[in-house]
Amino acid sequence: MARTTGTRGGWGRAATLAVTVVCLAYAPIAMTELWPYASPGAPAVGEWLLGRSVSPEFVAEAVRDRMGPYGRSLVPLIVHSVLGGLLMLLGPVQLLSAVRRRIRLHRITGTVFAVTVYVSMAGAAVYLVRTPPAEAFSGAAFWIVLATILAGTVGSVTFGILAAVRGFPDLHQRWLLLCYGFLMTAPLLRLEWGLLPSLYPGLDLRDINRVAIMHLGALVSFGALLASRALDRRAAVPGLTGTWCPLPVRAAAHLAGGAGLVWITVAFLDEGTAGRRLLLAYLVPYAVTYAVIAVRATRAGSRGAHWAREEWSLHLAALCLAPAFSAVTVPVLERTLGLDRITALVAGVGIGCGMLAYAAVTVVSLRILYAHEVQKRQREFADLSTAPAEARVTAATAPEGGRG
């Protein structure tokens, strides 16, 4: 895929460098993470670092909690983990080759990347299928979030491939960035394993994971959106007119989102100290994400960048709807999976922002495809409108004997 536009100066380079450093640092951690489960005592970079940043007891507890669930699917999980480390290396290569227009390299590594995603996610799928949600590492809520991330990763890489095949590099770019965002939940979760125990002393890994999944989906999808907008600086898209997010739609999304936030807040506050901790982990990143997207949409509109404003607005509407989606999902999870209220609440909130971001990218893709179709029909209409005049000229210059 060729680059559509350049990155936004220093911020873009800094973000690219930060992602690259995180990926390169996490790759050996991912590749060695499950070795001790197959061979006790085998070296694992992640365990070594976590034992020194938190405590050896915290690591021992994490290993103990994962031993049972992982033991039933160890080989598929090792495949998933080792290939996940490879994906951490391939991601920066993909991004940099696209930005620098190394088309041949980008296509070759892109093919390897896509195949690796499918095989790695197949390993994770085997683990999820073999493990009942209640028996999974960190419980049913974590199982549901993992399954959602898996589906989002596979779906986004598939749509990215289809977009490339059909000749839509801008859509290919968006879907692959979202795919990599979902993959980045793994290294970001490990970072939170090292940081959150200092903020919440005494919490076990299960509770740390609950705090983390309150915002990981929102953060990675937000990062994918920022990268997409940094790489696409077009003020307009040919064939795109009007908006799919007019004022009534934005108002309805805000009302629904406000109601969802109130419901989520009350539900978490009913759970005492643990609920307040989870609510804070959800609301602060949500508020920051909302503020940034809203400001970007306003600024794009003020400078006349219609396409940028449209994409920001569509994502803002989706973000507003995320709490409402979570509020509706909670009772569904309770009834269909037999979960208790707090588990269903954590799962519903944990998947809300990520799923609505996925929906937003889908709507943005449809918006671009619709604009492409409008432009195509305009060209066809222009061709048809000139055809009768050409026919009249041909008829006027034809010899008499040629007339029927």
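What share of the contacts in the protein chain with a separation of 6 or more comes from residues 24 or more positions apart? The answer is 77%. Keep that in mind as you go through these close-ups, and remember that you're looking at a predicted model.

**Figure 1. The whole chain is built with helices and has no strands.**
Count along the protein chain and you'll get 15 helices and 0 strands. The C-alpha trace spans about 100 × 45 × 45 Å along its principal axes. There are 404 residues in the chain, and 47% of them are buried.

**Figure 2. Here's the largest nonpolar core, with 95 residues.**
Six members touch the most other members of this core: M88, F113, V117, L183, M214 and F268. Helix α15, which runs over residues 341-397, chips in with 12 residues, the most of any contributor. Apart from this core lies another one, made of 14 residues, and C245, A253, A317 and I368 are among them. As background, nonpolar side chains in soluble globular proteins tend to be buried together. Now zoom in on V117: setting aside residues up to four places away in sequence, V117 touches L87, T153, V157, C179 and L183.

**Figure 3. S120 is tucked away in helix α6.**
Helix α6 covers residues 103-130, and S120 is found in it. How do we know S120 is buried? Its relative accessible area is 0%, and the cut-off for buried is under 20%. Who does S120 touch, once residues up to four places away are left out? The list is H80, L83, G84 and L87.

**Figure 4. V126 is also in helix α6, but it's partly exposed.**
V126 has a relative accessibility of 30%, so it counts as partly exposed. Leaving aside neighbours within four places in sequence, V126 is in contact with S73 and P76. For a sense of scale, pick out G242 too: V126 and G242 are 116 residues apart along the chain, and their C-alpha atoms are separated by 45 Å.

**Figure 5. R72 sits in the loop between α4 and α5.**
With a relative accessibility of 38%, R72 counts as partly exposed. Not counting residues up to four places away in sequence, R72 touches R130, T131, P132 and E135. Try finding G110 as well: R72 and G110 are 38 residues apart in sequence, and from C-alpha to C-alpha they are 32 Å apart in space.

**Figure 6. Two aromatic rings, F159 and W175, make a tilted pair.**
A search of the whole structure turns up 9 aromatic pairs, and F159 with W175 is one of the pairs to look at. Their ring centres are 5.0 Å apart and their planes sit at 35°, so the pair is tilted. This pair links distant parts of the chain: F159 belongs to helix α7 (residues 139-165) and W175 to helix α8 (residues 169-183), with their positions 16 residues apart. Are the two partners buried or exposed? F159 is partly exposed, with a relative accessible area of 39%, whereas W175 counts as buried at 3% relative accessibility.

**Figure 7. Ring pairs join up into a cluster, and arginines lie over rings.**
Look for Y37, Y70, Y127, F137 and F142, which ring pairs link into a cluster. One cluster member, F137, has R66 lying over its face, 5.4 Å from the ring centre. Elsewhere, the charged end of R277 sits over the ring of Y200, at 5.7 Å from its centre.

**Figure 8. The largest cavity holds about 670 Å³ of space.**
How many cavities of 30 Å³ or more does the structure hold? It holds 3. The largest cavity is lined by 36 residues, and H80, L146, T185, A186 and R190 are the closest to its centre. Helices giving two or more residues to this lining include α1 (9-32), α5 (74-99), α9 (185-199) and α11 (216-231). You've already met H80, by the way, as a residue that S120 touches.

**Figure 9. Helix α10 is short on open surface: it's mostly covered.**
Of the 8 residues in α10 (residues 205-212), 6 are buried. Which ones are they? They are L205, I208, N209, R210, V211 and A212.

Conventions. Residues are numbered from 1 along each chain as its sequence is written. This is a predicted model: local features need pLDDT of at least 70, side-chain atom pairs count only at pLDDT 80 or more; totals for chains, interfaces and linings use all residues. Side-chain values use heavy atoms; hydrogens and water are left out. A nonpolar core is a set of buried Ala, Val, Leu, Ile, Met, Phe, Trp, Tyr and Cys residues joined through side-chain atoms within 4.5 Å. Buried means under 20% relative accessible area, exposed over 50%, partly exposed in between (1.4 Å probe, protein chains only). Helices (H or I, at least four residues) and strands (E, at least two) are DSSP runs, numbered from the N terminus. Contact means heavy atoms within 4.5 Å. Rings of Phe, Tyr and Trp (its six-membered ring) pair if their centres lie within 6.5 Å; planes under 30 degrees apart count as stacked, over 60 as edge-to-face and the rest as tilted. A charge sits over a ring if NZ of Lys or CZ of Arg is within 6 Å of the ring centre and within 35 degrees of the ring normal. On a 1 Å grid over the protein atoms alone, a cavity is a set of points where a 1.4 Å probe fits but cannot get out, and a pocket is an open set with protein on both sides within 12 Å along at least five of seven lines; lining residues have an atom within 4 Å of a point. Grid points are joined across faces, edges and corners, and a volume is the space filled by probe spheres set on the points.
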